[in-house]
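Hi,

Here is the structure I promised to pass on. Have a look at it first, and then read my notes below.

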Amino acid sequence: MNGAKEYHERNAVQVDRISELPDHIIHHILSLLPTIEVVRMCLVSKHWKRLCYKVTALQFSEFSMGQNLTQRNFPTFLRFFNLLMTRDEEPLVSKLKLELCSFTRRSISLRSWFNFVLTNRSDVLANLKELDLCVETSDCVENHLLPETVFRLRSLTLLRLCGVMLKGSEFVNLPYLKSLSLENVQLDNQVLHNLLTSCSSLENLLLKKIVDVWHLNVSSSSLTSLKIDTGGSFTSKVNVEAKNLQSFVFIGSFSYPSLKFLSPCETIRDLSLCRAYFRNDKGLQSLLLKLPFLESLALDKCFFPGVVTICSPHLRHFAFRGEIISKGLETTIDTPNLVSFSFEGYVEPKLSLIASNPLKASIKLYRREFECRDVYDTHWYSDLLNFLANFDCFRNVNLQVISEKALVFPSQCRRLSRPPLPTLKHLKVKVMSPLSKNHDLRDALFWASPSLETLLIE
């Protein structure tokens with residue numbers, strides 16, 4: 001028996017399962033590997049070598065390897081690519097991803113080579129579907145100037161550019177482009193306008209840290225998803241005009257750029273605002289009036305000068321995250337069709353929530369920096385009672401606090417106050433610090449919500 005077992009184990013080790021895979025499976029595996037690994041796979045067998053030369057997805061990254069390794073692999077990558085350029089049979093390159101540093105001679109050579117390919121051998125890229133070019137930038141080095149030829153690769157469906165400079169771009173021929181990502185890109189509004197107006201199929205757009213644009217204008221009738229991140233830039237105003245937009249994420253910088261929809265966006269269903277600046281009390285509500293069918297709203301560290309009123313009849317999911325930057329803020333949320341509500345931040349005693357039959361509320365409460373983490377006074381419990389009373393209409397409440405002391409209401413408070421959650425049925429509490437062995441927390445929670453059917457404490 002032992003001899004037979006050793007024989008089968010020895011033969012099992014010798015079986016090459018990968019080579020038995022169908023060619024199209026092997027080809028798919030190779031397309032997911034960095035090009036340097038594909039070159040190494042050519043040494044496995046003649047069959048693999050033939051398949052390697054049919055790879056249409058090329059990837060090279062200086063970020064994922066050390067300096068010595070990159071120095072050896074760089075010429076190998078170029079030789080392999082040049083070999084692919086000389087082949088006569090289809091298919092051509094369909095996906096090209098390059099991640100380059102901006103300071104080395106090697107990177108400068110690779111950038112020059114890439115510019116040469118774009119300018120003089122664009123026929124090799126005639127079937128290119130996805131182009132992902134990222135050049136590491138520095139304050140002391142100007143962004144890499146990209147040839148205008150890239151905007152005439154008409155087969156592109158996805159284009160991601162990072163750390164480059166775009167100039168001119170008067171003639172753009174990208175009729176099939178569906179996804180465009182520009183990160184840390186140096187351009188002006190005219191270049192952006194030429195891009196957007198010439199890409200009639202564009203659906204997804206990401207603009208992150210656009211350099212040298214003070215007033216950012218985005219206008220497109222085909223866009224369905226838009227994300228703008230001005231973090232670290234000096235953009236002071238953002239104007240959006242996209243009549244078919246469905247999802248919009250806006251992340252402002254600490255200069256709080258203003259946001260304005262130039263036309264009603266009745267198709268928007270999801271809106272997320274982070275570090276957005278509203279100059280007056282009616283700023284947010286004026287924005288929401290242009291979004292009559294909004295279903296999901298997230299606000300994170302936004303600036304409000306005073307009273308905040310959120311009235312949205314179709315809103316189903318609402319998230320309030322981070323500190324609300326306003327002194328003496330009063331917040332009224334009137335959302336009759338609300339299903340779920342998420343709150344993360346400090347206790348807001350002046351919050352008023354109006355909802356007909358919401359299902360679930362998730363609440364994470366923090367202490368302010370000037371407050372002692374483990375000391376809770378009368379003001380804390382008074383504010384907490386007013387705050388929690390807004391959530392009695394929910395079917396389920398998840399509540400997270402730093403210390404269990406935050407929820408152990410003093411006996412005098414219980415005698416003088418009404419329970420904040422008299423009809424709540426299901427409560428889950430998570431305490432970040434270790435729990436004590438006494439029953440004070442459990443007793444306090446049953447006082448605060450006397451109709452509980454399920455209580456879970458973690």
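Keep in mind that this is a predicted model. The protein averages a pLDDT of 80, and 74% of the residues score at least 70. Confidence varies along the chain: among the elements, helix 1 (residues 2–14) has the lowest mean pLDDT, 53, while strand 22 (residues 396–401) has the highest, 96.

Now the overall picture. The protein has 11 helices and 24 strands. Of its 458 residues, 46% are buried. If you take the contacts with a separation of 6 or more, 51% of them are between residues 24 or more positions apart.

On to the core. The largest nonpolar core has 117 residues, and the ones with the most contacts inside it are Leu166, Leu182, Phe248, Leu273 and Phe391. Helix 9 gives the most to this core, with six residues. I also listed the neighbours of Leu273. Leaving aside residues up to four places away in sequence, Leu273 touches Phe250, Leu259, Phe278, Leu284, Leu287, Ala298, Leu299, Asp300 and Cys302.

Helix 9 (378–388) deserves its own paragraph. Its buried residues are Trp380, Tyr381, Leu384, Leu385, Phe387 and Leu388. Around the axis they cover an arc of only 165 degrees, which puts them on the same side of helix 9. On the other side of the helix, Thr378 and His379 are exposed. And what covers the buried residues? The cover of helix 9 includes strand 19 (340–345), strand 20, strand 21 (360–365), strand 22, helix 10 and helix 11.

Helix 11 (residues 440–448) can be read in a similar way. Leu441, Ala444, Leu445, Trp447 and Ala448 are buried there. Looking down the axis of helix 11, you find its buried residues within an arc of 160 degrees, so they line one face of the helix. Helix 9 turns up again here, because what covers the buried residues of helix 11 includes helix 9, helix 10 (411–416), strand 23 (426–431) and strand 24 (454–457).

Next, two of the sheets. As a reminder, strands of a sheet pair through backbone hydrogen bonds, either parallel or antiparallel.

One is an open sheet of three strands in the order 9-11-13, with parallel pairing. Strand 9 (215–219) and strand 13 (258–261) are at the edges with a single partner strand each, so one side of each is left without a neighbour in the sheet. From one strand to the next, the twist averages 15 degrees. Strand 9 and strand 11 (residues 237–241) run parallel and are joined by five bridges. To get the register, start from His215, whose bridge partner in strand 11 is Lys237.

The other is also an open sheet, formed by three strands in the order 16-18-20, and its pairing is parallel. Here strand 16 (308–311) and strand 20 stand at the edges; each has a single partner strand, so one side of each has no neighbour in the sheet. The twist in this sheet averages 5 degrees from one strand to the next. Strand 18 (residues 331–334) and strand 20 run parallel, with four bridges between them. In strand 20, Thr331 has Leu351 as its bridge partner, and Thr332 has Ser352.

Strand 20 (residues 351–354) also has two faces to tell apart: Leu351 and Leu353 make up the covered one, Ser352 and Ile354 the uncovered one. You will remember strand 20 from the list of elements that cover the buried residues of helix 9.

Finally, a few single residues you may want to click on:

- Asn184 has a positive phi of about 55 degrees although it is not a glycine. Asn184 lies in the loop between strand 7 (179–183) and helix 7 (189–198), and it is buried, with a relative accessible area of 15%.
- Lys209 also has a positive phi without being a glycine, near 50 degrees. Lys209 is found in the loop between strand 8 (204–208) and strand 9, and at 35% relative accessibility it counts as partly exposed.
- Phe116 lies in helix 6 (residues 105–120) and counts as partly exposed, at 45% relative accessibility. Phe116 and Pro147 are 31 residues apart in sequence, and their C-alpha atoms are 9.2 Å apart in space.

Cheers

Notes
Residues numbered from 1 in each chain as written. Predicted model: local features only at pLDDT ≥ 70, side-chain atom pairs only at ≥ 80, totals over all residues. Heavy atoms only, no water. Buried < 20%, exposed > 50% of the residue type's maximum accessible area, 1.4 Å probe, protein only. Arc of directions from axis to C-beta. Contact = heavy atoms within 4.5 Å. Pairing = 2+ DSSP bridges. Axes fitted to C-alpha atoms, helices over the stretch in contact; angles between N-to-C directions. pLDDT = per-residue confidence, 0-100. Core = buried A, V, L, I, M, F, W, Y, C linked by side-chain atoms within 4.5 Å.
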